[in-house]
Amino acid sequence: MEDLVSVERALAIGLARARPIVETERVDLCDVTGRILAQTIRADAPLPRFDYSAMDGYALDTSSLSAGIPTLLKVTGSIAAGPTIGSPALQSGCAVRILTGAPIPAGADAVVAQEDVRREGDSIILSRALRPADNIRRRGEDVSEGDSLIEAGTAMGPLQAGVAAACGYPGVRVFRKLRVTMFTTGSELRQLGESIRPGEIYDANRFILRSLLGRPWIEIVDLGSCVDQPSKLRAIFQSAAARADVIVSAGGISVGDEDHVVEAFQRCGGKLWVRKVAIKPGKPLVLGKLADSTYIGLPGNPGALFTTFKVIVDRILEVCAGIRPAGDRECTAIANFDWKGRPGRTTYLPATLSGVESGLPLIELLPDANSGKLYQLSRAGGFVVIAPEMVSIERGAKIRWQPFTA
């Protein structure tokens, strides 16, 4: 095991050794939002399934129109969305009243919008020329029969659910939820509702971690908080490993006299992959394996916990859950600040989007922000990502920007 690894190396190790879920379950389409698809959705028919009108208006045959405008056409019937049995066919030189979504009648090749005609009794007066296919949605223009529409590993959202429904899927197979067991550590931690004595703090990390893990594809097992005692830490690791795909802890992984988490993990048979990462904030970061569970040990500093989770842990959990790899989560932006620092670690500075310049996001650092200022971090919209060799940034320079929504 390397002593200190880069962010890229730590992420590569975590992704390569993570164990993806293979078990699946079938869920009703009503309950699929946020779940990870375990099959490919294919079209069993073209979409749309038939030619239909894109708007309320009148269906007609453009080849039968006279050269002059305006043109008088007799209206010989009406078609609404629904079954087409008994629907009128278009007679030569006539028009059919048609509503949005209704099938195009035989003989028609265009639809004129109702606002582009004047109705006089059982006739309309066409005030502008039409081209074939105007205002018609053609059969198969969106999807051809047999097309692969949604790949396995996709997180199902409202539009994906809509596509599956349009293809007639009442339910789909998804990967079962990823079971993540979490706990926080620290003898100084108190839970909400408990009284606070000097030297004690409320356990904010527990709620940061629960929120970070709060995904539709994760089943959280919260083991609460554990004091800094090796025997109790070993017991909580054993309990976690018995029920988890992934174990996540917060705190106690540095090298202080009361940091017993890593030793307890190893005493339980845990194998370390990564011990320290060249990231700021968050140098203490543990990746490893205990029995069949992937283990992720996060720093106890709230800002470092949040940063390392967003940069590294998010992606490892996605691989474990069966999610297809996403693209680059960073983009180019413009610095609306000056910065000086020391080289050595990849630095993630909390910042806000303050505008747009030359088509790129304009980014401003939060004033006096650091990893211990939880409120300041809560105001950020993303990280400015600074390479380990950089020592300064000047206002107006191009920078790397990783929004939290990515």
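The legends below describe close-up views of a predicted model.

Residues are numbered from 1 along each chain as its sequence is written, and side-chain values use heavy atoms, with hydrogens and water left out. Because the model is predicted, local features need pLDDT of at least 70 and side-chain atom pairs count only at pLDDT 80 or more, whereas totals for chains, interfaces and linings use all residues.

**Figure 1. The buried side of helix α3 (residues 204–213).** Helices (H or I, at least four residues) and strands (E, at least two) are DSSP runs, numbered from the N terminus. Asn205, Ile208, Leu209, Leu212 and Leu213 are the buried residues of α3, where buried means under 20% relative accessible area, exposed over 50%, and partly exposed in between (1.4 Å probe, protein chains only). These residues lie on the same side of α3 because they cover an arc of only 125 degrees around the axis; the arc is that of the directions from the helix axis to the C-beta atoms. Their packing partners are the strands β13 (178–185), β16 (218–226), β17 (246–250) and β21 (293–298), together with the helices α6 (302–321) and α7 (374–378). Contact here means heavy atoms within 4.5 Å.

**Figure 2. Asp203 and Gln191 at the N-terminal end of α3.** Asp203 caps this end of the helix, with a side-chain oxygen 3.5 Å from the backbone nitrogen of Asn205. The side chain of Asp203 also takes part in a polar contact of 3.3 Å with the side chain of Gln191. A polar contact is a pair of N or O atoms within 3.5 Å; within protein, one must be able to donate a hydrogen and the other to accept it, and residues adjacent in sequence count only if both atoms are side-chain atoms. Gln191 belongs to the loop between β14 (189–190) and β15 (201–202), and counts as buried because its relative accessibility is 17%. Leaving aside neighbours within four places in sequence, the contacts of Gln191 are Tyr202, Asp203, Arg206 and Ser225.

**Figure 3. The buried side of helix α1 (residues 7–17) and Arg17.** The buried residues of α1 are Val7, Ala10, Leu11, Ile13 and Gly14. An arc of only 160 degrees around the axis holds them, which puts them on the same side of α1. They pack against β18 (271–276), β19 (279–280), β20 (284–290), α6 and β24. Arg17, also in helix α1, is partly exposed, with a relative accessible area of 46%. Its C-alpha atom is separated by 8.8 Å from that of Trp273, although the two residues are 256 residues apart along the chain.

**Figure 4. The largest pocket and its lining.** On a 1 Å grid over the protein atoms alone, a cavity is a set of points where a 1.4 Å probe fits but cannot get out, and a pocket is an open set with protein on both sides within 12 Å along at least five of seven lines; lining residues have an atom within 4 Å of a point. The largest pocket holds about 460 Å³ of space, with grid points joined across faces, edges and corners and the volume taken as the space filled by probe spheres set on the points. Of its 23 lining residues, Lys280, Pro281, Thr347, Tyr348 and Leu349 lie nearest the centre. Two or more lining residues come from each of α6, β23 (339–340) and β24 (346–357), and β24 gives the most, with four. The lining has 11 nonpolar, seven polar and five charged residues; Ala, Val, Leu, Ile, Met, Phe, Trp, Tyr, Cys and Pro count as nonpolar, Asp, Glu, Lys and Arg as charged, and the others, Gly among them, as polar.

**Figure 5. Cis peptide bonds at Pro281 and Pro48.** Lys280 and Pro281 are joined by a cis peptide bond with omega of about 0 degrees, and Pro281 lies in the loop between β19 and β20. A cis peptide bond also joins Leu47 and Pro48, with omega of about -10 degrees. Pro48 is found in the loop between β2 (41–42) and β3 (52–53).

**Figure 6. Positive phi at Asn135 and Ser358.** Asn135, although not a glycine, has a positive phi of about 60 degrees; its place is the loop between β9 (123–126) and β10 (136–137). Ser358, likewise not a glycine, has a positive phi of about 55 degrees. Ser358 lies in the loop between β24 and β25 (360–365) and is exposed, with a relative accessible area of 72%.
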